[in-house]
Amino acid sequence: MSLEKKDEYDHKNWLESKDLTPVEATFLTALIWVDKRLRIVDYLELLESLYYRSNLQMPKSHTEQYDLDNKFWYWYALYTLGFFSTLAYVVAAISGALLGFYYVPAVGSAGPGEASIAYSQIAFIMRDLQFGFMLRSIHRWSAQVMTAAVFLHMLRVYFTGAYKEPRELNWLLGIVLISLTMVFGYSGYLLPWDQLAFWAGQIGVEMSLSIPLIGEWVAQLLFGGFSLSQATLQRMYILHVFLLPFVVTTLIAIHIGIVWVQGIAEPH
């Protein structure tokens, strides 16, 4: 698209030469008026060009190379695991956002001998909130289904050789995504702040401290110290709710975009 000034065109006489309905004439007049000021037609042509270029999938798939009519592997169940894991992620994200309206990331208790505020809110969601038990169950099961689907998806990619040239970048991106899925699961596991969450957090602190040279720095960064506290829960909440969703959503979009450009890697 050039930034040079366009040659003037007699749009008025062009419109008069056409047999247009009042609706068509009004639409074209408005379009010409806006285009003279914002050049939207140039941008529409640019988007059209990008659309056709992005659909030039390279390299050609096995069925395209050998002109095969029987595309039976497209219906093979393992070839839908990428979509299945993405769908589970969307369900987990929506249900998690709804749970966020009621959850409070606080370690302190409401009174002597009582459970933490975080656990009390989870109990409120499960026992007293209308459809709360169902909502948390949907979030929990969708997260578990996503983890299993991502793991099986990686196995399918490996055993069918879909990680080879020219798809190495998407394979590495998939490794990053499955790693972030594990972080998603761990940070969410700590949010109820019950006995399971507490000892899982303690194991995480000990694992961080066992890293050579940078162990103490990692423990300070991820857990807010060498023992569990309000800072630990706050960090896990920020990681689970504010940081990971944006990073993972962006990487999934890039991952799917590369698959769209390169095409499905079919078994040879």
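How do the residues of the lining of the largest pocket divide into nonpolar, polar and charged? Let's work up to that and beyond, using this predicted model.

**Exercise 1. Describe the lining of the largest pocket by class and by source.**

*Solution.* Start with the classes: 21 residues of the lining are nonpolar, 10 are polar and three are charged. Next, find the centre: of the 34 lining residues, His139, Ala143, Gly188, Tyr189 and His240 lie nearest to it. Then ask where the lining comes from. H5, H6, H7, H8, H9 (195–209) and H11 each supply at least two residues, and H7 gives the most, with seven. The space in this pocket comes to about 1000 Å³.

**Exercise 2. Follow helix H7 from its first residue to its last, and just beyond.**

*Solution.* H7 runs over residues 132–159, which makes 28 residues. From first C-alpha to last, H7 reaches 41 Å, close to the expected 40 Å. Just after the helix, Gly161 takes a positive phi of about 70 degrees.

Now look for buried positions, meaning under 20% relative accessible area. Among them are Ser142, Met146, Ala149, Val150, His153 and Met154. Residues three or four places apart in an α-helix point the same way, because there are 3.6 residues a turn. What covers the buried residues of H7 includes helices H5, H6, H8 and H11.

**Exercise 3. Which residues lie nearest the centre of the second largest pocket?**

*Solution.* They are Gly82, His153, Arg156, His255 and Val259, from a lining of 32 residues. Two of these names, His153 and Arg156, also appear on the list of buried residues of H7. By class, the lining has 19 nonpolar, 11 polar and two charged residues. The volume is about 720 Å³.

Key: Residues numbered from 1 in each chain as written. Predicted model: local features only at pLDDT ≥ 70, side-chain atom pairs only at ≥ 80, totals over all residues. Heavy atoms only, no water. Helix = DSSP H or I, 4+ residues; strand = E, 2+ residues; numbered from the N terminus. Expected span 1.5 Å × (residues − 1). Buried < 20%, exposed > 50% of the residue type's maximum accessible area, 1.4 Å probe, protein only. Contact = heavy atoms within 4.5 Å. 1 Å grid on protein atoms, 1.4 Å probe; cavity = no way out; pocket = protein on both sides within 12 Å on 5 of 7 lines; lining within 4 Å. Points joined across faces, edges and corners; volume = space filled by probe spheres on them. Nonpolar A, V, L, I, M, F, W, Y, C, P; charged D, E, K, R; others polar.
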